[in-house]
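Q: Could you take me through one part of this protein slowly, as if we were looking at it together? I would like to see how the strands at the start of the chain fit together, and then how that part sits within the rest.

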Amino acid sequence: MDTLTVETAGRARDVELTDEELVVRLADGRTLLVPLAWFPKLRDATPEERRGWKLVGDGDRIHWPALGIDIGVRGLLRGTPAPSFYRPADR
């Protein structure tokens, strides 16, 4: 029997933002599409603020200094939204 294992380690090499998604291209060739709704502060930022990202820690985190946002690639791979994404009634 084959077992599928999802790799939860990865390094970002490029980041793009659309009006709806955070697009993260990983060094190993994978591309992650994550809804901006998961990150309300980033979703509500101006286009200029969204473009102000930088890779940190050899690509294991994406940081927006002007917004105070730090998103880990490992969390994206696990499918973990920002903690405030879920309202208490949703838990």
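A: Let's start with a hairpin: strands β1 and β2 form one, with 3 residues between them. Keep in mind as we go that this is a predicted model. Strand β1 covers residues 12-17 and strand β2 covers residues 21-26; the two run antiparallel and are joined by 5 bridges. To find one of these links on your screen, look for valine 15, whose bridge partner in β2 is valine 24.

Now follow the chain onward. β2 also pairs with β3, again in the antiparallel sense, over 5 bridges. Here a good pair to find is leucine 22 and valine 34 of β3, which stand opposite each other. β2 and β3 make a hairpin too, with 4 residues between the strands, and in this hairpin glycine 29 takes a positive phi near 100°.

Let's pause on β3, which spans residues 31-35, and look at its side chains, because they alternate along the strand. Leu32 and Val34 point to one face and are buried. Thr31, Leu33 and Pro35 point to the other face and are not buried. The cut-off behind that word is simple: a residue counts as buried when its relative accessible area is under 20%. So Val34, the residue opposite leucine 22, belongs to the buried face of β3.

With that part in view, we can step back to the whole chain. The protein chain has 3 helices and 6 strands. From the N terminus on, the elements run β-β-β-α-α-β-β-β-α. Our three strands therefore open this order, and two helices follow them before the next strands arrive.

Those later strands make an open sheet with the order β4-β5-β6 and antiparallel pairing. Its edge strands are β4 (54-56) and β6 (69-72), each of which pairs on one side only. On average, neighbouring strands in this sheet are turned by 30° against each other, direction ignored. Strand β5, residues 61-64, runs antiparallel to β6 and is joined to β6 by 4 bridges. One link to look for is arginine 61, whose bridge partner in β6 is glycine 72.

The loop between β4 and β5 holds aspartate 58. This residue has a positive phi of about 60° although it is not a glycine. Is aspartate 58 buried or exposed? Aspartate 58 is exposed, because its relative accessible area is 67% and the exposed class begins over 50%.

β6 also matters for our last stop, the largest pocket, which has a volume of about 220 Å³. The pocket is lined by 16 residues, and Phe39, Asp70, Ile71, Ala82 and Pro83 lie nearest its centre. β6 supplies the largest share of the lining, 4 residues. α1 (40-43), β6 and α3 (73-78) each give at least two residues to the lining.

Finally, here are some values for the chain as a whole. Of its 91 residues, 31% count as buried. Its accessible surface comes to about 6100 Å², and 50% of that belongs to carbon and sulfur atoms. Among contacts with a separation of 6 or more, 41% are between residues 24 or more positions apart.

Note on methods: Residues numbered from 1 in each chain as written. Predicted model: local features only at pLDDT ≥ 70, side-chain atom pairs only at ≥ 80, totals over all residues. Heavy atoms only, no water. Pairing = 2+ DSSP bridges. Axes fitted to C-alpha atoms, helices over the stretch in contact; angles between N-to-C directions. Buried < 20%, exposed > 50% of the residue type's maximum accessible area, 1.4 Å probe, protein only. Contact = heavy atoms within 4.5 Å. Areas by Shrake-Rupley, 256 points an atom, 1.4 Å probe, with all protein chains shown as cover. 1 Å grid on protein atoms, 1.4 Å probe; cavity = no way out; pocket = protein on both sides within 12 Å on 5 of 7 lines; lining within 4 Å. Points joined across faces, edges and corners; volume = space filled by probe spheres on them.
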